[in-house]
Amino acid sequence: MPRNFYLYNTLTRTKELFKPIHEGRVGMYVCGPTVYGNAHLGHARPGITYDILFRLLRYLGYKVRYVRNITDVGHLENDADEGEDKIAKKARLEELEPMEVVQTYTLKYHEAMRRLGVLPPSIEPRASGHIIEQIALVQRILDAGYAYISNGSVYFDTGKYNEEHHYGALSGRNLDDIKTNTRTLDGQDEKRNSYDFALWKKAAPEHIMHWPSPWSEGFPGWHLECSAMSEKYLGEEFDIHGGGMDLMFPHHECELAQNVASRGTGGVHYWVHNNMITINGQKMGKSLGNFITLDELFTGTHPLLEQAYSPMTVRFFILQAHYRSTLDFSNEALQAAEKGLKRMMQARKDVEKLSATAGAPTLAEVARIEEAVLEALCDDLNTPNALSSMFEAVKLVNGIKDKTLSINPEDLARLQKLFRDVVTEILGLTDEQAEGGASHVIDGLMQMIIDIRKEAKAEKNWALSDKIRDELKAAGIQLKDTKDGCEWTLAE
Ligand code: ZN
């Protein structure tokens with residue numbers, strides 16, 4: 001029997017037992033970055049949250065198709081369909097092609113995510129690569145009567161939609177609240193109502209990114225791409241849609257409305273939202289001087305930082321809070337995370353080297369901790385509880401290491417598997433000292449070669465043992481025989 005997994009659904013506002021649409025398979029869509037600037041702290045939390053979800057689902061035995069998009073067109077400076085396209089603006093300021101901006105910051109984002117231990121998604125579609133699908137979707141919404149054309153642009157008819165459906169269902173609003181919170185139209189507007197949103201925008205002459213469409217030479221509205229690309233890669237109905245809480249309104253609300261308007265179903269079974277990171281209690285913002293990029297964080301070069309924090313420290317710090325709680329960023333909290341990570345990773349290393357005592361009594365703690373950890377992770381990704389149970393496992397490891405505890409071979413194998421499964425596979429914490437894991441592999445290979453040479457020597461096969469030594473030397477690896485065995489170093 002697979003373990004029950006509970007996930008909080010923003011739409012129903014309840015924790016629900018997760019049931020995928022297709023047995024054994026999960027479709028998951030997450031809104032990725034708009035690539036017009038350096039990856040920052042605000043990217044780290046969704047990156048890591050949905051990475052944990054992805055890893056956990058795979059651990060639970062699901063085959064997961066994880067789609068995370070790249071927004072490279074259509075995201076305007078403000079949510080009221082006004083201002084310049086964020087990518088185009090950056091291109092203008094830096095005198096670059098928009099796609100140069102996209103390439104630069106996509107590569108930087110990938111590198112930052114890789115360092116944070118975030119696995120790449122299964123598919124990473126770009127908005128600019130799906131203009132045809134987006135135009136077709138606009139046409140379907142027009143055909144269904146939920147949109148209107150105005151001066152070459154197409155707008156979603158929110159009022160009409162709200163007569164039959166609930167616009168605001170996801171973010172828990174109703175149209176009256178939204179009405180009072182949007183500015184009034186000034187008569188120059190193409191929109192019928194301030195709360196209508198753009199599906200297609202006619203490009204102004206100075207606008208550099210535009211495509212032909214039945215309505216005008218223009219570009220898609222920002223919300224459209226996620227409806228079009230999630231449907232293309234995951235189908236009309238799929239399991240999970242994730243993103244930051246800041247995207248819930250208007251982005252996801254509009255996406256949901258577009259789905260219902262075009263295909264008669266919201267399409268998403270579980271809407272998941274991660275909460276935001278604050279810095280010393282304040283929202284992060286460029287104007288507040290507390291906008292920290294991930295590079296600055298990893299190198300300690302922002303004035304607010306007392307030191308550099310490694311990517312795994314940042315990952316561990318984020319895992320110490322539940323993804324639906326706010327998380328406050330401070331030097332103190334990060335330094336505490338650094339210590340906690342060090343303790344956890346030391347135990348992760350030590351557990352592999354422990355020796356078991358045949359016939360030692362069963363250590364009931366091992367099974368209890370294993371159950372508590374998996375229970376926590378399957379309870380809406382409760383990573384802080386999972387970590388605190390793992391620290392009980394750290395105590396066991398240290399006790400066995402100090403020989404104040406003994407463990408039988410079966411329990412030790414179980415404890416080792418727990419560390420491998422949870423720390424490495426699900427939480428994705430790697431030993432940074434070991435340079436991203438590659439040196440583990442090299443260590444293993446070298447040990448194998450050294451063992452073969454030892455056997456050759458024992459059999460007095462001097463020709464083979466010399467050949468191994470000489471060929472390693474030619475490859476730049478020096479073997480040194482000591483009284484404790486054989487050591488290897490890279491030749492200088
Ligand atoms: Zn999106």
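**Note on the predicted model**

1. Sheet β14-β13-β15. Three strands make up an open sheet of mixed pairing, ordered β14-β13-β15. The edges are β14 (282–283) and β15 (327–329), each of which pairs on one side only. Strand β13 (residues 277–279) runs parallel to β15 and is joined to β15 by three bridges. One residue pair to look at here is Thr278, whose bridge partner in β15 is Asp328. In general, strands of a sheet pair through backbone hydrogen bonds, in parallel or antiparallel fashion.

2. Overall figures. This is a predicted model. The protein contains 16 helices and 17 strands. Its C-alpha trace spans about 90 × 50 × 45 Å along the principal axes. Of its 492 residues, 51% count as buried. The exposed area comes to about 23,200 Å², and carbon and sulfur atoms supply 51% of that area. Among contacts between residues at least 6 apart in sequence, 73% join residues at least 24 apart.

3. Zinc site. The zinc ion is coordinated by Cys31 through SG, Cys226 through SG and His251 through NE2, at 2.0 to 2.1 Å. Along the chain these donors follow the spacing C-x194-C-x24-H. Cys31 sits in the loop between β3 (25–30) and α1 (41–59), whereas Cys226 belongs to helix α7, so the pair ties together parts that are 195 residues apart in sequence. Both cysteines, Cys31 and Cys226, are buried. Water is not among the atoms, so the site may look incomplete.

4. Ser227. This residue is placed in helix α7 (residues 224–234). Ser227 counts as buried because its relative accessible area is 1%, against a cut-off of under 20%. Leaving aside residues up to four places away in sequence, Ser227 touches Leu137, Glu255, Gln258, Asn259 and Arg263.

5. Met209. The loop between β9 (197–202) and β10 (218–220) holds Met209. With a relative accessible area of 6%, Met209 is buried despite its place in a loop. Residues up to four places away in sequence aside, Met209 touches Asp72, Val73, Asp85, Ile87, Ala88, Pro98, Met99, Gly218 and Phe219. For one of these contacts, Val73, the sequence separation from Met209 is 136 residues, while the C-alpha to C-alpha distance is 7.5 Å.

6. Helix α10. How many residues of helix α10 (residues 311–319) are buried? Nine of the nine are, so the helix is largely enclosed by the rest of the structure. The buried residues include Arg315, alongside Pro311, Met312, Thr313 and Val314 on one side of it in sequence and Phe316, Phe317, Ile318 and Leu319 on the other.

7. Surface patch. A nonpolar patch on the surface is formed by Val441, Leu445, Met448, Ile452 and Leu464, which together have about 420 Å² of accessible area. Helix α15 (residues 438–458) gives the largest share, four residues. Ile452 is in helix α15, and its relative accessibility of 37% makes Ile452 partly exposed. In general, an α-helix has 3.6 residues a turn, so residues three or four places apart point the same way.

8. Salt bridges between separate segments. The count of salt bridges is 28. One of them joins the side chains of Arg3 and Glu375 (4.0 Å, N to O). That pair links distant parts of the chain, with Arg3 in the segment before β1 (6–9) and Glu375 in helix α12 (residues 364–377), 372 residues apart. Arg3 is partly exposed at 29% relative accessible area, as is Glu375 at 47%. Arg3, Glu371 and Glu375 are linked in a network of salt bridges. Another salt bridge is formed by the side chains of Arg68 and Glu124 (3.2 Å, N to O). Arg68 lies in strand β4 (residues 63–68) and Glu124 in the loop between α3 (98–115) and α4 (131–143), so this pair ties together parts that are 56 residues apart in sequence. Here Arg68 is buried at 3% relative accessibility, whereas Glu124 is partly exposed at 26%.

9. A salt bridge within α12. The side chains of Glu365 and Arg368 meet in a salt bridge at 3.1 Å, N to O. Both are in helix α12, and being three residues apart they are separated by about one helical turn. Glu365 is partly exposed at 32% relative accessibility, and Arg368 is partly exposed at 39%.

Notes
Residues numbered from 1 in each chain as written. Predicted model: local features only at pLDDT ≥ 70, side-chain atom pairs only at ≥ 80, totals over all residues. Heavy atoms only, no water. Pairing = 2+ DSSP bridges. Helix = DSSP H or I, 4+ residues; strand = E, 2+ residues; numbered from the N terminus. Patch = residues over 30% accessible without salt bridge, like charges linked within 9 Å, V, L, I, M, F, W, Y side chains within 5 Å. Areas by Shrake-Rupley, 256 points an atom, 1.4 Å probe, with all protein chains shown as cover. Buried < 20%, exposed > 50% of the residue type's maximum accessible area, 1.4 Å probe, protein only. Contact = heavy atoms within 4.5 Å. Donors = N, O, S within 2.8 Å, 3.2 Å for Na, K, Ca; no water.
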